[in-house]
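Work through the exercises below with the sequence and the 3D view open. Each task is followed by a solution in steps.

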Amino acid sequence: MKLFLDFDGVIADTVKAVCELYREDYLLYNKYKDISPDEIDTWDFEELFFLTRHTLRNYFNTGRFFDALDVIPSFEPQFIEQLGEMYDLKICTIGDSPNIKGKKIWLSNNLTDIQCYELTSLCGEDKSTVDMSGGIIVDDNSNNLRTSNADIKICYGEEKGWNRDWTGLRCKDWKELMEILGELCRYTKEG
Ligand SMILES: [Mg+2]
């Protein structure tokens, strides 16, 4: 069974990295206010007063974004190996070409085994161009979940502005996600 795993907000702590870059760049400005990643509730980081959409998009294409990028706190690199044994694992992510290049390097530096997954990279608004039929999608953005043709859709992470409307299956951290994916794997093998 195919498993399509999101990158930003599922494997990598993208919100935290953006907040760090914003602090570096605007700390000395009069209207600067320290915002913690937990306070971010909008997809375009509207909480960060000085950050324009243009600057935000550029952040994702810089080396220093990837330098600031950590894994999600509950994530452990061996999960990718374990999922690679259970599923046909694909990491499916949207980004400009420098962002995708950065993600490839970051993944090879932060995950134990690069061979156990394939990276599906996309441009555009959602992941509907990828045929996920018969598979599972894990994503923190409800729009990606809604527009996907995957059979099973799991919303990852805390409730945020970009997924609050999701009424389907949810998991709050990697512990819960691994339990759900383990169960699904056993169930589909038995069935
Ligand atoms: Mg995401």
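**Exercise 1: T62**

Decide how exposed T62 is, place T62 in the chain, and relate T62 to E176.

Step 1. T62 has 14 other C-beta atoms within 10 Å, so T62 is partly exposed. The cut-offs are these: a residue is buried with 20 or more other C-beta atoms within 10 Å of its own, exposed with 12 or fewer, and partly exposed in between, with C-beta atoms placed from the backbone.

Step 2. The model is predicted: local features need pLDDT of at least 70, side-chain atom pairs count only at pLDDT 80 or more, and totals for chains, interfaces and linings use all residues. Residues are numbered from 1 along each chain as its sequence is written.

Step 3. T62 sits in the loop between α2 and α3 (63-68). Helices (H or I, at least four residues) and strands (E, at least two) are DSSP runs, numbered from the N terminus.

Step 4. From T62 to E176 there are 114 residues in sequence, and their C-alpha atoms are 32 Å apart in space.

**Exercise 2: Two more loop residues**

Compare F45 and E125: is each one buried or exposed?

Step 1. F45 belongs to the loop between α1 and α2 (53-59). F45 counts as buried because 20 C-beta neighbours lie inside 10 Å.

Step 2. The phi angle of F45 is near 55 degrees, which is a positive value in a residue other than glycine.

Step 3. E125 is found in the loop between β3 and β4. E125 has 11 C-beta neighbours inside 10 Å and therefore counts as exposed.

Step 4. E125 and G95 are 30 residues apart along the chain, and 9.9 Å separates their C-alpha atoms.

**Exercise 3: The sheet**

Trace the strand order, then find the bridge partners of F4, I137 and C155.

Step 1. An open sheet of six strands has the order β3-β2-β1-β4-β5-β6, with parallel pairing. Two strands pair if DSSP finds at least two bridges between them. β3 (118-122) and β6 are the edge strands, each pairing on one side only.

Step 2. β1 is joined to β2 by four bridges and the two run parallel; the partner of F4 in β2 is K90. β1 also pairs with β4 in the parallel sense, over three bridges, and there the partner of F4 is I137.

Step 3. Between β4 and β5 there are four bridges, again in the parallel sense. I137 has K153 as its bridge partner in β5.

Step 4. β5 and β6 (residues 170-171) run parallel and are joined by two bridges. C155 is partnered by R170 in β6.

Step 5. A right-handed β-α-β unit is made by β4, helix α6 (residues 142-147) and β5. Right-handed means that, with the strands pointing away from the viewer, the path from the first strand over the helix to the second runs clockwise.

Step 6. β5 is largely enclosed by the rest of the structure, because four of its five residues are buried.

**Exercise 4: Domains and core**

Find the domains and say where the largest nonpolar core lies.

Step 1. Domain 1 covers 2-13 + 71-190, and domain 2 covers 14-68. These bounds come from an automatic or database domain assignment. The domain centres, taken over C-alpha atoms, are 23 Å apart.

Step 2. Domain 1 brings 14 residues to the contact and domain 2 brings eleven. Two residues are in contact if their C-beta atoms, placed from the backbone, lie within 7 Å.

Step 3. The largest nonpolar core has 43 residues, and F4, L5, V18 and V138 have the most contacts inside it. Such a core is a set of buried Ala, Val, Leu, Ile, Met, Phe, Trp, Tyr and Cys residues joined through C-beta atoms within 7 Å.

Step 4. α1 gives the most to this core, six residues. Both domain 1 and domain 2 contribute residues, so the core lies between them.

Step 5. Take L5 as a sample: leaving out residues up to four places away in sequence, L5 touches V10, I11, L89, I91, C92 and V138.
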